[in-house]
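Work through these exercises with the structure open beside you. Try each task before you read its solution.

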Amino acid sequence: MELSMLQLTATLNAMDAGAVNPAEAEDALRGPEGELFAWVKDPDRLMGMSHRLTLRIGMAQVPRRFPGPWMVAVVAPGRLTGLRGPAELTRAALSAQEDPALGAVAVAVRQAGTLAWTPALEPEMGVGAIDAGGLDDEDHLVPVLRLRHAERPLPPATPSEAAHALTAAMNRAAGALQASGFTSGQRPGATGTVRLGPAYGPANQRLLDQALTMLAVVAAGQEQNGELPHSHAIATRAAALAPLRTAALDAVSAAVSWPTHAMQ
């Protein structure tokens, strides 16, 4: 599900802007091996239909029942960002599998509240799931979307605000690491991103790309902790990188949460 919740939010905003229709939205949510999400679970029937929907049917209901814009909340323990409940949504967000590129959970939530999309891994329905090892076999877990009620969230910083904060955090981190005698270390390889698409301006895309690169830099620094001589050095570097990670996560949220039409 790597970065797929960011893609979902961008696609919902493209649909809200009238740039894509539900069928095109479904196509945008396909990975190399097919759809990023196997199905949509709606146990509370928030869409007014079945408790289990195909992705296209779920997306088709959004413009009529839940017009956007949509934001993404990047959630981790001690970090709820804009989510304001209810408790069921908060628990689901904190217990969901983290996106490995973010080191956190991304939740798509309507800026006016009432609906959120949360990621989940659940047993694959049908073909051979039980015979091949039972419903608890991780080989047969597939990514799904779970619809949940959401209170009106707190909006994230604007892309401009987040960009300034990220630049400041990068400068502070570089200064702190240099003052502590740390070398630059091994740079991360190419990082993935999400093509935000027609509902966004180029500045949003640049901010998202930069933020994801900084998250990869922080992750690479954390992986090199074993090379440091003592625990004080590890703690010093962690203290320098933590604010950079926070600023990068905030920038991810800002870039994806503010399509052009939401800023007007």
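**Exercise 1. Is A23 buried, partly exposed or exposed, and which helix holds A23?**

Solution. This model is predicted.
Step 1. Find the element. A23 is found in helix α2, which spans residues 22-28.
Step 2. Take the relative accessible area of A23, which is 27%.
Step 3. Compare with the cut-offs. Buried means under 20%, and exposed means over 50%. A23 has 27%, so A23 is partly exposed.
Step 4. Look for a partner far along the chain. I57 is 34 residues away from A23 in sequence. Their C-alpha atoms are separated by 9.0 Å.

**Exercise 2. Place A10 in the fold and list its contacts beyond four places in sequence.**

Solution.
Step 1. A10 is found in helix α1.
Step 2. The relative accessible area of A10 is 1%, so A10 is buried.
Step 3. Leave aside the neighbours within four places in sequence. A10 is then in contact with L196, Y200 and V256.
Step 4. Check P259 as well. A10 and P259 are 249 residues apart along the chain, yet 8.0 Å separates their C-alpha atoms.

**Exercise 3. Which residues does T11 touch, not counting residues up to four places away in sequence?**

Solution.
Step 1. T11 lies in helix α1.
Step 2. T11 has a relative accessible area of 3%, and therefore T11 is buried.
Step 3. With residues up to four places away not counted, T11 touches V20, A25, A28, L29 and M59.
Step 4. Now take N21. T11 and N21 are ten residues apart in sequence. From C-alpha to C-alpha, they are 9.8 Å apart in space.

**Exercise 4. Describe how α1 and α3 pack against each other.**

Solution.
Step 1. Decide what to report. Two packed helices are described by the angle between their axes and the distance between the axes.
Step 2. Locate the pair. Helix α1 covers residues 4-16, and helix α3 covers residues 55-65.
Step 3. Read the two values. The axes come within 10 Å and cross at roughly 50°.
Step 4. Name the arrangement. The angle makes α1 oblique to α3.
Step 5. Give the hand. α1 and α3 cross in a right-handed way.
Step 6. List the residues that meet. From α1 come L8, T11, L12 and M15; from α3 come M59, V62 and P63.
Step 7. Sort them by type. Six residues of this contact are nonpolar, one is polar and none is charged.

**Exercise 5. Which residues are joined by the cis peptide bonds at P69 and P86, and where do these prolines lie?**

Solution.
Step 1. Start with P69. A cis peptide bond joins G68 to P69, with omega about 10°. P69 sits in the loop between α3 and β5 (70-75).
Step 2. Go on to P86. The peptide bond from G85 to P86 is cis, and omega is near 5°. P86 belongs to the loop between β5 and α4 (87-95).
Step 3. Follow G85 to a contact. T90, a residue of helix α4, is in contact with L80 and G85, its neighbours within four places in sequence left aside.
Step 4. Classify T90. Its relative accessibility is 18%, so T90 counts as buried.

**Exercise 6. Find where R45 and T81 lie, and give the phi of each.**

Solution.
Step 1. R45 is in the loop between β3 (40-41) and β4 (52-53). Its phi is near 55°, a positive value in a residue other than glycine.
Step 2. T81 is in the loop between β5 and α4. T81 is not a glycine, but its phi is positive, about 45°.
Step 3. Classify R45. At 45% relative accessibility, R45 counts as partly exposed.
Step 4. Classify T81. Its relative accessibility is 33%, so T81 counts as partly exposed.

**Exercise 7. Summarise the whole chain: how many helices and strands, and what share of residues is buried?**

Solution.
Step 1. Count the elements. The protein chain has seven helices and eight strands.
Step 2. Take the buried share. The chain has 264 residues, and 45% of them count as buried.
Step 3. Consider contacts between residues at least 6 apart in sequence. Of these, 73% join residues at least 24 apart.
Step 4. Finish with the surface. The chain exposes about 12800 Å², and carbon and sulfur atoms supply 53% of that area.

How values were computed
Residues are numbered from 1 along each chain as its sequence is written. This is a predicted model: local features need pLDDT of at least 70, side-chain atom pairs count only at pLDDT 80 or more; totals for chains, interfaces and linings use all residues. Side-chain values use heavy atoms; hydrogens and water are left out. Helices (H or I, at least four residues) and strands (E, at least two) are DSSP runs, numbered from the N terminus. Buried means under 20% relative accessible area, exposed over 50%, partly exposed in between (1.4 Å probe, protein chains only). Contact means heavy atoms within 4.5 Å. Accessible areas come from the Shrake-Rupley method with a 1.4 Å probe; for residues, only the protein chains shown count as cover. Axes are lines fitted to C-alpha atoms, for helices over the stretch in contact, and angles run from 0 to 180 degrees between N-to-C directions. Angles under 35 degrees count as roughly parallel, over 145 as roughly antiparallel, 65 to 115 as roughly perpendicular and the rest as oblique. A crossing is left-handed if the near helix is turned anticlockwise from the far one by less than a right angle, and right-handed if clockwise. Ala, Val, Leu, Ile, Met, Phe, Trp, Tyr, Cys and Pro count as nonpolar, Asp, Glu, Lys and Arg as charged, and the others, Gly among them, as polar.
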